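Dear colleague,

Here is the structure I promised to pass on. My notes on it follow below.

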Amino acid sequence: MENGNKVGYARVSTFAQNLDSQMDDLLAAGCEKSFSDKVSGVKESRPGWDELLNYLRPGDTLVVTELSRMSRSLRHLLQIVEELEERGVTIVSMRENIDTKSASGRAFVSIMGAISQLERELKSERAAAGRAAAKARGRTGGRPRGSTEKIQQATIMYKNSDLTAAEVCR
């Protein structure tokens, strides 16, 4: 197998988030080319990820700042690792200090993936328990609704004056 390139991948979950620190880290790690997405890892379609997969060649090393940037579930992570391994591509995760060139690196990916999955599931369970406890106490969450009368008054005021929406709300 020939010596390949270091190719980076960065992802943030929303457009409001910034990729700069991940891209800087990938550049510092020696990545000649990097791909990125501003989309949730749960999404099936990630254009940057798809482009990366088409770009990778045998001998290349995929570099990510952390494993969670590649996937959101343990099953998906293990599937990615297996598919890339079959293609002759290794994975380096900077945060977890993992390199899948070695057997211990591959085993550690599985362990870290399982821990990440556990962390997500516990967080989800805690949030659900908190919502259930609030609901049991009569709280439904979210912003309190304004009265219909106040909304009608504000609408009339907005339409019949030069006030901005923010000024009407105040």
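Of the 170 residues of the chain, 29% count as buried. Please keep in mind that this is a predicted model.

Overall make-up: the chain holds 6 helices and 5 strands. From the start of the sequence to its end, they come in the order β-α-β-α-β-α-β-β-α-α-α. The chain is more spread out than a compact globule, because its radius of gyration is 23 Å, well over the 15 Å that the globule rule gives for 170 residues. Measured out along its principal axes, the C-alpha trace spans about 75 × 40 × 25 Å.

Contacts: take the pairs of residues in contact that lie at least 6 apart in sequence. Of these contacts, 63% join residues at least 24 apart.

Surface and charge: about 11,600 Å² of the chain is exposed, and carbon and sulfur atoms supply 52% of that area. The chain carries 26 positive and 23 negative charges, and the mean positions of the two sets are 10 Å apart.

One residue I looked at separately is serine 93. Serine 93 belongs to strand β4, which covers residues 90–93. Is serine 93 buried or exposed? Its relative accessible area is 1%, and under 20% counts as buried, so serine 93 is buried. Which residues does serine 93 touch, once its neighbours within four places in sequence are left aside? Serine 93 is in contact with Val64, Thr65, Glu66, Leu67 and Ile98.

Regards

Key
Residues numbered from 1 in each chain as written. Predicted model: local features only at pLDDT ≥ 70, side-chain atom pairs only at ≥ 80, totals over all residues. Heavy atoms only, no water. Helix = DSSP H or I, 4+ residues; strand = E, 2+ residues; numbered from the N terminus. Rg over C-alpha atoms; globule rule 2.2 N^0.38 Å. Buried < 20%, exposed > 50% of the residue type's maximum accessible area, 1.4 Å probe, protein only. Contact = heavy atoms within 4.5 Å. Areas by Shrake-Rupley, 256 points an atom, 1.4 Å probe, with all protein chains shown as cover. Lys, Arg positive; Asp, Glu negative; His and termini not counted. Charge placed at Lys NZ, Arg CZ, Asp CG, Glu CD.
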